[in-house]
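Okay, thanks everyone for coming. I'd like to walk you through one model today, so let me put the sequence and the structure up on the screen.

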Amino acid sequence: MTNDADGADNHTPTDHLTGHPGERPVRTQADLEQLWRAMVEPLGFAGGALWVMAIDGDDLPTQVLLEIRDEGVAPTPEEAEAFGAFMAHLTPDVPDGSRWAFLRCRPGLGGATAEDRSLVAALVAGCRDAGVPTEVAHLATDDTLVPMPYDELARSA
């Protein structure tokens, strides 16, 4: 956990993780949202990050949790394609039938902005084009954690 210039607590999803995340199956979007909440609440972020977690074929979160620093800029088509290829490269290292879950964290208030949707839509499209299965992405800000459904992302692409 870190403190920003205003003294607010800011943290990463692993700061508050209690117990192995694989103890509860993730079968629905609500299950995934509950898991992300358990990992990041209380909310508050000093900077942007994209958290990537593998969920295995038995619907259990794995120990694979990656943090990618996020500057809030939507990737170019080439960068989205490279992200999809990167995720495809990682896929053989997780159990068969796994899929990837994304949580975009950023400072600020409110739900998803056009920039959030554009950034996540590009990354999900890069994964889709590479044949990498994904879960519904989520967004966490300083005051909310919400899903970013595929149909919402499609309007931003």
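**A walk around the sheet**

Let's start at one spot: A140 sits opposite L145 of β7. One thing to keep in mind as we go: this is a predicted model. Back to our spot, then. The strand β6, residues 137-140, pairs with β7 in the antiparallel sense, over four bridges.

Now zoom out. What is the strand order in the sheet? Reading across, you get β4-β3-β5-β6-β7, an open sheet of five strands with mixed pairing. At the edges stand β4 (61-70) and β7 (145-148), each with a single partner strand, so each has one side left without a neighbour in the sheet. As for twist, neighbouring strands are turned by 20° against each other on average, ignoring direction.

Two helices pack on this sheet, so let me take them in turn, starting with α2. Helix α2, residues 77-90, touches β3 (48-55), β4 and β5 (99-105), and its direction makes about 130° with that of β5. Then there's helix α3, residues 114-129, which touches β3, β4, β5, β6 and β7. The direction of α3 makes about 160° with that of β5.

Let's stay on β3 for a moment. Is β3 buried or exposed? Eight of its eight residues are buried, so β3 is largely enclosed by the rest of the structure. In a regular strand, side chains alternate between the two faces of the sheet. And here both faces of β3 are covered: G48, L50, V52 and A54 are buried on one side, A49, W51, M53 and I55 on the other.

Who are the partners? β3 runs antiparallel to β4, with seven bridges joining them, and V52 has L66 as its bridge partner there. These two strands form a hairpin with five residues between them, and in the turn D59 has a positive phi of about 70°. Over to β5: seven bridges join β3 to β5, again antiparallel, and I55 has R99 as its bridge partner in β5.

Okay, back to α2. A quick length check: at 1.5 Å a residue, its 14 residues should span 20 Å, and the end C-alpha atoms are indeed 20 Å apart, which agrees. Which residues of α2 are buried? They are A80, F83, G84, M87 and L90. Looking down the helix axis, those buried residues fall within an arc of 120°, so they line one face of α2. The general background is that an α-helix has 3.6 residues a turn, so residues three or four places apart point the same way. What covers the buried residues of α2 includes β3, β4, β5 and α3. Flip to the other side of the helix and you find E78, E81 and H89 exposed.

Last stop, the aromatics. How many aromatic pairs are there? The count comes to one. That's F83 and F102: the ring centres are 5.9 Å apart and the planes are at 55°, so we call the pair tilted. The pair links distant parts of the chain, with F83 in helix α2 and F102 in strand β5, 19 residues apart. Buried means under 20% relative accessible area, so F83, at 10%, is buried. F102, at 2% relative accessibility, counts as buried too.

That's the tour from my side. Happy to rotate the view for anyone.

Definitions and conventions
Residues are numbered from 1 along each chain as its sequence is written. This is a predicted model: local features need pLDDT of at least 70, side-chain atom pairs count only at pLDDT 80 or more; totals for chains, interfaces and linings use all residues. Side-chain values use heavy atoms; hydrogens and water are left out. Two strands pair if DSSP finds at least two bridges between them. Axes are lines fitted to C-alpha atoms, for helices over the stretch in contact, and angles run from 0 to 180 degrees between N-to-C directions. Contact means heavy atoms within 4.5 Å. Rings of Phe, Tyr and Trp (its six-membered ring) pair if their centres lie within 6.5 Å; planes under 30 degrees apart count as stacked, over 60 as edge-to-face and the rest as tilted. Buried means under 20% relative accessible area, exposed over 50%, partly exposed in between (1.4 Å probe, protein chains only). The expected span of a helix is 1.5 Å times one less than its number of residues. The arc is that of the directions from the helix axis to the C-beta atoms.
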